[in-house]
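Trainee: I have a new model open and want to learn how to read it. Can we go through it feature by feature?

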Amino acid sequence: MFNSKLAELLPYQVGGLLYAPAFRSDIVTKIREGGYPGLTSAALCLEDSVRDEALERAEQFLKDILSALEEFQRQGGTLPLLFVRIRTPRHLEHVHRLLAGAGDVLTGYVLPKFDLSNAGDYAGLMERLCRSDGTPLFYMPILESRMIADAAGRAACLTELKQVCDARRDRILNVRVGGTDLCNLYGLRRSERQTIYDVGVVRDILTDIINVFGGDYVVSGPVWEYFGGNPRGAWAEGLRRELELDRLNGFVGKTSIHPCQLPLIQEGMKVSRRDYEDAMRILQWDEETLGVAKGGGGDRMNEVKCHTRWARRVAALAQVYGVLEDTEVRRCEV
């Protein structure tokens, strides 16, 4: 899983990261039986979803879950990318020690409220921690604290955090954003008819995060808080709309808080046939004199110098999630 070619695709394979409390008793059965269509990755949470007084029991529950999943893998089963969301650097060190061999099925850890108050401590742990066989662990910091939101210091804070991440670039799988936490700082909440981009103060924070991190990291979109049984319901239409705006604004993937969201997120990760064919033309450019040409449909411009980074992203998503054919309903393009 960790050769260089696959490592390039690994950030895109996170896709819809399904959050589940570490107490989720049925997750082993669901994974064994393929009960989560569209599942590519999961985060077992020891932070906000677990009360302080229940933390010790949740940690033991987590160890049992990972041991069962390790046995399933040993028997030939296929696992999604697995992460644990911890609380603090000290908690990360404790949990990693507690899990011992059971943690070998982990892809890595999710680092909540990542900012200048803890980034240095996390960076030191990134350098030291690995699986029992010596293979690397990956980390996904979440930008969601008051320090990130503060307009006066945001640019300097984000720039310094990126420098910390750049020094551990081989360990940072995704950068994530905590849309719910950021909204909570201002007492705000979007409805199922609105997107995170309608919340102006949060939109501005997300724009700044993409501005600093988006050129060098896969940055994942925030959680969508609504779910239901009807994939044509208002919750689903809202999710599709926000996924479209996520991708337009440079976010790839999304945090999921309910399995019913996963197929929609996976659909949103696919690329259109038009985008895929134009991306291949750009990446395989063989014109010796011209750097610009019509796209395959004859109605848009492909310019190799300006669209190569876009084309690489399209190619990666197509390799992992596939291409939507013209006969399939498509709500957005990359």
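Trainee: Let me start with one residue. In which helix does Q73 lie?

Mentor: Remember that this is a predicted model. Q73 lies in helix α3.

Trainee: Is Q73 buried, partly exposed or exposed?

Mentor: Read the relative accessible area against the cut-offs. Buried means under 20%, and exposed means over 50%. Q73 has 39% relative accessibility, so it counts as partly exposed.

Trainee: Which residues does Q73 touch, leaving out those up to four places away in sequence?

Mentor: Q73 touches L79 and V105.

Trainee: How far is Q73 from V323 in space?

Mentor: Keep two distances in mind, along the chain and through space. Q73 and V323 are 250 residues apart along the chain. Their C-alpha atoms are separated by 29 Å.

Trainee: And T29 and A68, how far apart are they in sequence and in space?

Mentor: The pair is 39 residues apart in sequence. C-alpha to C-alpha, T29 and A68 are 9.6 Å apart. T29 is found in helix α2, residues 27-32. At 38% relative accessibility, T29 counts as partly exposed.

Trainee: Now the whole chain. How many helices and strands does it have?

Mentor: The protein chain has 13 helices and twelve strands. Next, ask about compactness. The radius of gyration is 20 Å, close to the 20 Å that the globule rule gives for 334 residues, so the chain is as compact as a globular protein of that length. The C-alpha trace spans about 60 × 50 × 45 Å along its principal axes.

Trainee: What share of the residues is buried?

Mentor: Buried residues make up 49% of the 334. For the outside, look at area. The chain exposes about 15600 Å². Carbon and sulfur atoms supply 48% of that.

Trainee: What share of the contacts joins residues at least 24 apart?

Mentor: Start from contacts between residues at least 6 apart in sequence. Of these, 77% join residues at least 24 apart.

Trainee: How far apart are the mean positions of the positive and negative charges?

Mentor: Compare the two averages. The chain has 43 positive and 47 negative charges, and their mean positions are 2 Å apart.

Trainee: Which residues have the most contacts inside the largest nonpolar core?

Mentor: First get the size of the core, then find its hubs. The largest nonpolar core has 65 residues. Y109 and F213 have the most contacts inside it. Helix α3, residues 55-74, gives the largest share of this core, seven residues. A second, separate core has 24 residues, including L239, M269, V271 and A316.

Trainee: What is Y109 in contact with, beyond its neighbours within four places in sequence?

Mentor: Its partners include F83, V84 and I86. Among them are also L92, V95, H96 and L99. L137, F138, Y139 and M140 are in contact with Y109 too.

Trainee: Last feature, backbone angles. What is the phi of A100?

Mentor: The general idea comes first. Most residues other than glycine have a negative phi. A100 is not a glycine, yet its phi is positive, about 45 degrees. A100 sits in the loop between α4 (89-99) and β4 (108-111). Its relative accessibility is 47%, so A100 counts as partly exposed.

Trainee: Where is K113 found, and what is its phi?

Mentor: K113 is found in the loop between β4 and α5 (119-128). K113 has a positive phi of about 50 degrees, although it is not a glycine. With a relative accessible area of 29%, K113 is partly exposed.

Terms used. Residues are numbered from 1 along each chain as its sequence is written. This is a predicted model: local features need pLDDT of at least 70, side-chain atom pairs count only at pLDDT 80 or more; totals for chains, interfaces and linings use all residues. Side-chain values use heavy atoms; hydrogens and water are left out. Helices (H or I, at least four residues) and strands (E, at least two) are DSSP runs, numbered from the N terminus. The radius of gyration is taken over C-alpha atoms; the globule rule is 2.2 Å times the number of residues to the power 0.38. Buried means under 20% relative accessible area, exposed over 50%, partly exposed in between (1.4 Å probe, protein chains only). Contact means heavy atoms within 4.5 Å. Accessible areas come from the Shrake-Rupley method with a 1.4 Å probe; for residues, only the protein chains shown count as cover. Lys and Arg count as positive and Asp and Glu as negative; His and the chain ends are not counted. The place of a charge is taken as NZ of Lys, CZ of Arg, CG of Asp or CD of Glu. A nonpolar core is a set of buried Ala, Val, Leu, Ile, Met, Phe, Trp, Tyr and Cys residues joined through side-chain atoms within 4.5 Å.
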